[in-house]
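Open the model in your viewer and keep the sequence panel beside it. Each stop below says what to select and what is there.

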Amino acid sequence: MARNQKTRKRKMTKTRYFDYSMLAVLIFLICFGLVMLYSTSSYSALVTYGDSMHYFKRQLIFCVMGLIVIYVVAKIDYHIYIKWAKPLYIVSVFLMMLVKTPLGKEVNGAKRWIQLPFDQQFQPAEVAKIAIILFIPVLICKMGKEVKTLGGIVKILAWGAFSAACVLFLTDNLSTAIIVMGITCIMVFVVHPKTAPFIVLFTAGMGVVLVAVQILGRVLVTSENFRLRRILVWLAPEDHAAEGGYQIMQALYAIGSGGFFGKGLGNSAQKMIIPEVQNDMILSIICEELGIFGAIMVLVLFGMLLYRLLFIAQNAPDIYGSLIVTGIFAHIAIQVILNVAVVINLIPTTGITLPFISYGGTSILFLTIEMGIALGVSRKIKFED
């Protein structure tokens, strides 16, 4: 009997895991994004640059680079990030400071980029997202049981709040600041044993925001602050069409005219008049060309991607790996929710792009770095046969 048990133990081997399902969903999202980017941006690219494939070719280069990045980063042992997480956090703050120097570049009225050679630009706020995703888990692991106390929570939130404040005040990017703080809060929520206080705080916060919006909408009609003007535009876009409401109104027309199955790929009319449609408003053109059905399919793909991230987080070999993937999950989820909410005018315009689909080289590269990190964690998962 003892010999049989020993024989069975020898036969039980641990199989290394790699999440090919997540990789397949990711590749499909990137390819779909390229198709929709060309369909969306071909007219504006032809008018502006004389080349209908201008945006498509630039995005394709970054997507190919991103796939190479995924392959390289996925092979790295994620435990090495423990050593470099804090220096990366410091570097991210330094890079955001450079935006306020002559190296900073202004695009469409916002100074959020650093000028690079060969007419390239770099958005340092993207580094802040990865820095938070890698650094906050280090703090949580080092704190141990202290993270469950009020003092521990305040310490972690303070690191996240400082990074978010740098994003807001150094790069003038409120939406990314919200994402950075949101990632931090979700990590704290995941490791804290009690959920009731978070639900109460969230409910109270939403109530305060709703009341504040109604008050601001009535008393700040003459305000010159562009963020406050966005709230006024959001509340009544038709009354402020000449002051910022034009884009969201045309996006809503695009969504409404698409019906359930859409007008057909490439047949959008609104893409010719919506400003910067290839960026944060690309979902409206997806709705116009592929209909609500196409938008649902996009959201299903994101749901599948988030499900695979959740699976990796639940089966990670240690708490650090689990929290890293939780941070990536939070980032993708928050960004998708905010983008969809903006496009349907549920919240004011924020400039948040749709991951893997909207135009943006820096965004694609850093998103693929995150995906590579998640796949790197998945490689350490072991299942017993």
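Which residue of β4 is the bridge partner of Ile114? Select Ile114, then Phe122: Phe122 in β4 is the partner.

Before moving on, note the ground rules. This is a predicted model, in which local features need pLDDT of at least 70, side-chain atom pairs count only at pLDDT 80 or more, and totals for chains, interfaces and linings use all residues. Residues are numbered from 1 along each chain as its sequence is written, and side-chain values use heavy atoms, with hydrogens and water left out.

**Stop 1: the sheet**

Select β2, β3 and β4. These three strands make an open sheet, in the order β2-β3-β4, with antiparallel pairing. Strands here are DSSP runs of E, at least two residues long; helices are runs of H or I, at least four residues long; both are numbered from the N terminus. Two strands count as paired if DSSP finds at least two bridges between them.

Look at the edges next. They are β2 (104–107) and β4 (120–122), each pairing on one side only. From one strand to the next, the twist averages 55°. Such angles run from 0 to 180 degrees between N-to-C directions, with axes as lines fitted to C-alpha atoms, for helices over the stretch in contact.

Now go pair by pair. β2 and β3 are antiparallel and share four bridges. Pick Val107: its bridge partner in β3 is Ala110. Strand β3 (residues 110–116) joins β4 through three bridges, again antiparallel. Pick Gln115 and you find Gln121 of β4 opposite. As a reminder, strands of a sheet pair through backbone hydrogen bonds, either parallel or antiparallel.

**Stop 2: two C-alpha distances**

Select Met97 in helix α4. Met97 counts as partly exposed because its relative accessibility is 45%. The cut-offs are under 20% relative accessible area for buried, over 50% for exposed, and partly exposed in between (1.4 Å probe, protein chains only). Add Pro124, which is 27 residues away along the chain: the two C-alpha atoms are 9.1 Å apart.

Then take Thr349, in the loop between α12 and α13 (361–379). With 22% relative accessibility, Thr349 is partly exposed. Measure to Gln247: the C-alpha atoms are separated by 9.4 Å, with the two positions 102 residues apart along the chain.

**Stop 3: the nonpolar patch**

Switch to a surface view. Select Leu60, Val64, Ile68, Tyr71, Val72, Ile76, Ile80 and Trp84: they form a nonpolar surface patch with about 770 Å² of accessible area together. Areas come from the Shrake-Rupley method with a 1.4 Å probe; for residues, only the protein chains shown count as cover. Patch members have over 30% relative accessible area and no salt bridge; nonpolar side chains (Val, Leu, Ile, Met, Phe, Trp, Tyr) are joined within 5 Å, like charges within 9 Å.

Which helix gives the most to this patch? Helix α3 (residues 54–74) does, with five residues. Ile80 sits in the loop between α3 and α4 (81–98). Its relative accessible area is 44%, so Ile80 is partly exposed.

**Stop 4: salt bridges**

How many salt bridges does the structure hold? There are seven. Each is a side-chain nitrogen of Lys or Arg within 4 Å of a carboxyl oxygen of Asp or Glu.

Begin with Arg308 and Asp19, whose side chains meet at 3.2 Å, N to O. Arg308 is in helix α11 (residues 282–315) and Asp19 in the loop between β1 (14–16) and α2 (20–49), so the pair ties together parts 289 residues apart in sequence. Arg308 is buried at 14% relative accessible area. Asp19 is buried too, at 0%.

Next, select Glu289 and Lys271. Their closest N and O atoms are 3.6 Å apart. Glu289 lies in helix α11 and Lys271 in the loop between α10 (246–258) and α11, a separation of 18 residues. Both Glu289 and Lys271 are buried.

Finish with Lys129 and Glu126, at 3.4 Å between the closest N and O atoms. They are three residues apart in helix α5 (residues 125–143), so about one helical turn separates them. Both are buried.

**Stop 5: helix α12**

Select residues 319–343, helix α12. Of its 25 residues, 22 are buried, so α12 is largely enclosed by the rest of the structure. Past the helix comes Asn345, with a positive phi near 65°.

Methods. Expected span 1.5 Å × (residues − 1).
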